[in-house]
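Hi,

Here is the structure I said I would pass on. Have a look at it first, and my notes come right after.

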Amino acid sequence: QVQLVESGGGSVQAGGSLRLSCAASGRTFNSYAMGWFRQGPGKEREFVAGLSRSGGNTLYADSVKGRFTISRDNAKNTVYLQMNSLKPEDTAVYYCAATSPYSAYPGVRPYQYDYWGQGTQVTVSS
């Protein structure tokens with residue numbers, strides 16, 4: 001099992017940057033592929049970025065490609081989402097998620113993830 005807690009959200013002007021952190025507890029953390037999702041007001045939860053359990057493969061939504069970077073530090077049991085060149089449309093609650101142990105690579109659908117954090121709010125103003 002794994003428990004996830006996000007942090008690092010806040011308010012920023014368009015063009016600014018934020019780094020989100022996802023602190024994980026559980027002795028099998030490094031066996032999970034990880035992902036970041038977001039959900040804006042009245043919208044469906046959507047995939048943002050994913051990272052393989054090895055940390056060597058990444059996947060990004062087209063809307064954030066080139067601006068966001070996902071990474072993990074297994075020694076610290078932490079996954080990060082570096083967000084640069086933020087846009088107002090990036091405003092959402094951001095969630096960290098973990099797949100099941102047999103999933104080496106992240107999926108892009110919420111149902112493919114077994115564990116979720118509580119979310120952290122990111123607000124980008126113009």
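Below is what I found, going through a sheet, two arginines and two loop residues.

One thing to keep in mind as you read: this is a predicted model.

Let's start with the sheet. Four strands make up an open, antiparallel sheet, in the order β1-β3-β8-β7. The edges are β1 (3–7) and β7, each of which pairs on one side only. On average, neighbouring strands here are turned by 15 degrees against each other, ignoring direction. Inside that order, β3 (residues 18–25) and β8 (residues 78–83) run antiparallel and are joined over 6 bridges. If you want a spot to click on, try Arg19, which sits opposite Gln82 in β8.

Now the arginines. Which strand holds Arg72? You'll find Arg72 in β7, spanning residues 68–73, and β7 is one of the edge strands I mentioned. Arg72 is buried but has no salt bridge: Asp73, the nearest side chain of opposite charge, is 8.4 Å away. What its side chain does have is backbone oxygens to reach. That of Tyr32 lies 2.8 Å from a polar atom of the Arg72 side chain, and that of Ser52 is reached at 3.0 Å.

The other one is Arg38, in strand β4 (residues 34–39). Is Arg38 buried or exposed? Its relative accessibility is 5%, and buried means under 20%, so Arg38 counts as buried. Its side chain makes polar contacts with two other side chains: Glu46 at 2.8 Å and Tyr94 at 2.9 Å. Beyond its neighbours within four places in sequence, Arg38 touches quite a list of residues, including Arg45, Val48, Ser63, Phe68, Asp90 and Val93. Glu46 and Tyr94 are in that list too.

Last, a couple of loop residues with unusual backbone angles. Most residues other than glycine have a negative phi. Asn77, however, has a positive phi, near 55 degrees. Asn77 belongs to the loop between β7 and β8, and with a relative accessible area of 28% it is partly exposed. Ser85 also has a positive phi, in this case near 50 degrees. Ser85 is in the loop that runs between β8 and β9 (92–98). Its relative accessible area is 42%, so Ser85 is partly exposed as well.

That's the lot. Shout if anything is unclear when you open it up.

Cheers

Methods. Residues numbered from 1 in each chain as written. Predicted model: local features only at pLDDT ≥ 70, side-chain atom pairs only at ≥ 80, totals over all residues. Heavy atoms only, no water. Helix = DSSP H or I, 4+ residues; strand = E, 2+ residues; numbered from the N terminus. Buried < 20%, exposed > 50% of the residue type's maximum accessible area, 1.4 Å probe, protein only. Polar contact = N/O pair within 3.5 Å; in protein donor to acceptor, adjacent residues only side chain to side chain. Contact = heavy atoms within 4.5 Å. Lys, Arg positive; Asp, Glu negative; His and termini not counted. Salt bridge = Lys/Arg side-chain N within 4 Å of Asp/Glu carboxyl O. Pairing = 2+ DSSP bridges. Axes fitted to C-alpha atoms, helices over the stretch in contact; angles between N-to-C directions.
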